[in-house]
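Subject: Structure for your files

Hello,

Here is the structure I said I would pass on. My notes on what was found in it follow below.

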Amino acid sequence: MSRRILIAGNWKMNKTSAEGAALVKEIAAGLPAGNLPEILVCPPYLTIPAVVEAAKGSALEVGAENVHWAASGAYTGEVSTAMLLDAGVTHVIVGHSERRQYFGETDETVNQRAKAAVEAGLVAVICVGETLAEREAGETAAVIDRQTRKALEGISDLAKVVIAYEPVWAIGTGKTATPDMAQEVHAQIRAILADLYGADAAETVRILYGGSMKPANAPELLAKKDIDGGLIGGASLKAPDFLALVAAGANA
Ligand code: PEP
């Protein structure tokens, strides 16, 4: 089964509307001709309209960095699926480790967000990954198993699901999991998907690697059997780097 590579940028809390629009224009203008991977940028909420406008007519899709599960109501600071769809968003990241680490996100709330996203027709990019302490304690497989199964509870169809394996110790640190380390966890995630949904459905799901992915290490990561793209933080903020990652995706 050949899965289309997905190269996704997580901009985090970076770029104003004007800066985000300029970055998207620069990326769109630099895209190579020919076969492209699927390309996604996820800017902060407030800049989504400007980025969607700038991406119009290009191959770039626009995602959000989070979403709430309720349709509306007294949830100060949150944003609903309907608001994202209305703004032209197609994908949403849920369960990013920075949300888990700094904002009290739990396996339970990640599941609620992922379920709401999928039910609304958004693609949920569900992040899982172990901390350094968990890896050193030999708990990686157990953490991945728990996070993945819980995130998917109540989701019956994988068509709108992407999983991102992001070892927390590799995010923004310059440390990358070796391709073999990443592949081992990606294979475990695919086995969990097969257990839950059957082998055929599991084969269709993109599993992205995230954690200091950059042009220099992307080709060998993307060459691995179960690595179907990247969720990229730092290197997604500069057009030349992101374009090099897109090229790596096109050649994978
Ligand atoms: C991320 O935040 O999803 C990420 C992978 O960041 P970085 O590429 O900067 O490590």
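Is Arg 100 buried or exposed? Keep in mind that this is a predicted model. The residue belongs to helix α4, which covers residues 97–102. Its relative accessible area is 17%, and the cut-off for buried is under 20%, so Arg 100 counts as buried. Its side chain also has a polar partner in the backbone: a polar atom of the Arg 100 side chain is 3.0 Å from the backbone oxygen of Gly 95.

Now the ligand. The pocket that holds the ligand is the second largest. Around the ligand there are 14 residues, and the closest are Lys 12, His 96, Glu 166, Gly 172 and Ser 212. By type, the shell consists of eight polar, four nonpolar and two charged residues.

Three side chains make polar contacts with oxygen atoms of the ligand:

- Lys 12: an N or O atom of its side chain is 2.6 Å from a ligand oxygen.
- Glu 166: the distance from a side-chain N or O atom to an oxygen of the ligand is 2.7 Å.
- His 96: a polar atom of the side chain is 2.8 Å from an oxygen of the ligand.

As for how much of the ligand is covered, it exposes 290 Å² when taken alone, and the protein buries 95% of that area.

If you open the model, the contacts of Lys 12, Glu 166 and His 96 can be found at the ligand, and the contact between Arg 100 and Gly 95 can be looked up separately.

Regards

Conventions. Residues numbered from 1 in each chain as written. Predicted model: local features only at pLDDT ≥ 70, side-chain atom pairs only at ≥ 80, totals over all residues. Heavy atoms only, no water. Near = heavy atom within 4 Å. Polar contact = N/O pair within 3.5 Å; in protein donor to acceptor, adjacent residues only side chain to side chain. Areas by Shrake-Rupley, 256 points an atom, 1.4 Å probe, with all protein chains shown as cover. 1 Å grid on protein atoms, 1.4 Å probe; cavity = no way out; pocket = protein on both sides within 12 Å on 5 of 7 lines; lining within 4 Å. Sits in = over half its atoms within 2 Å of the grid points. Nonpolar A, V, L, I, M, F, W, Y, C, P; charged D, E, K, R; others polar. Helix = DSSP H or I, 4+ residues; strand = E, 2+ residues; numbered from the N terminus. Buried < 20%, exposed > 50% of the residue type's maximum accessible area, 1.4 Å probe, protein only.
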